[in-house]
Amino acid sequence: QVQLVESGGGFVQTGGSLRLSCAASGSTSSYNFMAWFRQAPGKEREFVAALRWKSVLTTYYTDSVKARFTASRDNAKNTLYLQMNSLKPEDTAVYYCAAALYYGDTPYYSTTTYNYWGQGTQVTVSS
């Protein structure tokens, strides 16, 4: 049984930093891609960052977080991370991690690519 559990969310002021973690359990060896998405109140879930789980590390980011956020992985710990720096009020959202078993038919930034989702962790950035 696959389970993804996020942690590390919280309340910070503009310009602050947070580090999110996503602990994966179950058949993690079958993961192809892992990603972070976020959803603000009244908005659709949007892509934040993604990376390949097993092969050479290549990370992908949405434009609004480039140079501020860094996604990384620790395969030995089955954990995905998202280091968030220079946070802005518009980064306020529930952040979700997701895992994809297959990759190729749909893009890495699409929610439909991912088979498993965590429960989410709230990030609130005050102005």
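These legends accompany three close-up views of a predicted model.

**View 1. Four strands side by side in an open sheet.** Welcome to the sheet! Its four strands follow the order β1-β3-β8-β7, and their pairing is antiparallel. At the edges you will find β1, covering residues 3-7, and β7, covering residues 69-74. Each of these edge strands has a pairing partner on one side only. As you go from one strand to the next, the twist averages 15°.

**View 2. Where β7 meets β8.** Let's look at one pair of neighbours. Strand β8 spans residues 79-84 and runs antiparallel to β7. How many bridges join β7 to β8? There are six bridges between them. To find your place in this pair, look for Thr-70, which stands opposite Gln-83 in β8.

**View 3. The disulfide of Cys-22 and Cys-97.** Here is a cysteine pair to look for. The structure holds one disulfide, and its partners are Cys-22 and Cys-97, with sulfur atoms 2.0 Å apart. The link between Cys-22 and Cys-97 is right-handed, with 50° about the S-S bond. Why does this pair tie together parts that are 75 residues apart in sequence? Cys-22 belongs to strand β3 (residues 18-25), while Cys-97 belongs to strand β9 (residues 93-100), so the disulfide ties together parts separated by 75 residues in sequence. Are Cys-22 and Cys-97 buried or exposed? Both cysteines, Cys-22 and Cys-97, are buried. You have already met β3 in View 1, where this strand stands between β1 and β8 in the order of the sheet.

How values were computed: Residues are numbered from 1 along each chain as its sequence is written. This is a predicted model: local features need pLDDT of at least 70, side-chain atom pairs count only at pLDDT 80 or more; totals for chains, interfaces and linings use all residues. Side-chain values use heavy atoms; hydrogens and water are left out. Two strands pair if DSSP finds at least two bridges between them. Helices (H or I, at least four residues) and strands (E, at least two) are DSSP runs, numbered from the N terminus. Axes are lines fitted to C-alpha atoms, for helices over the stretch in contact, and angles run from 0 to 180 degrees between N-to-C directions. A disulfide is a pair of cysteine sulfur atoms within 2.5 Å. Buried means under 20% relative accessible area, exposed over 50%, partly exposed in between (1.4 Å probe, protein chains only).
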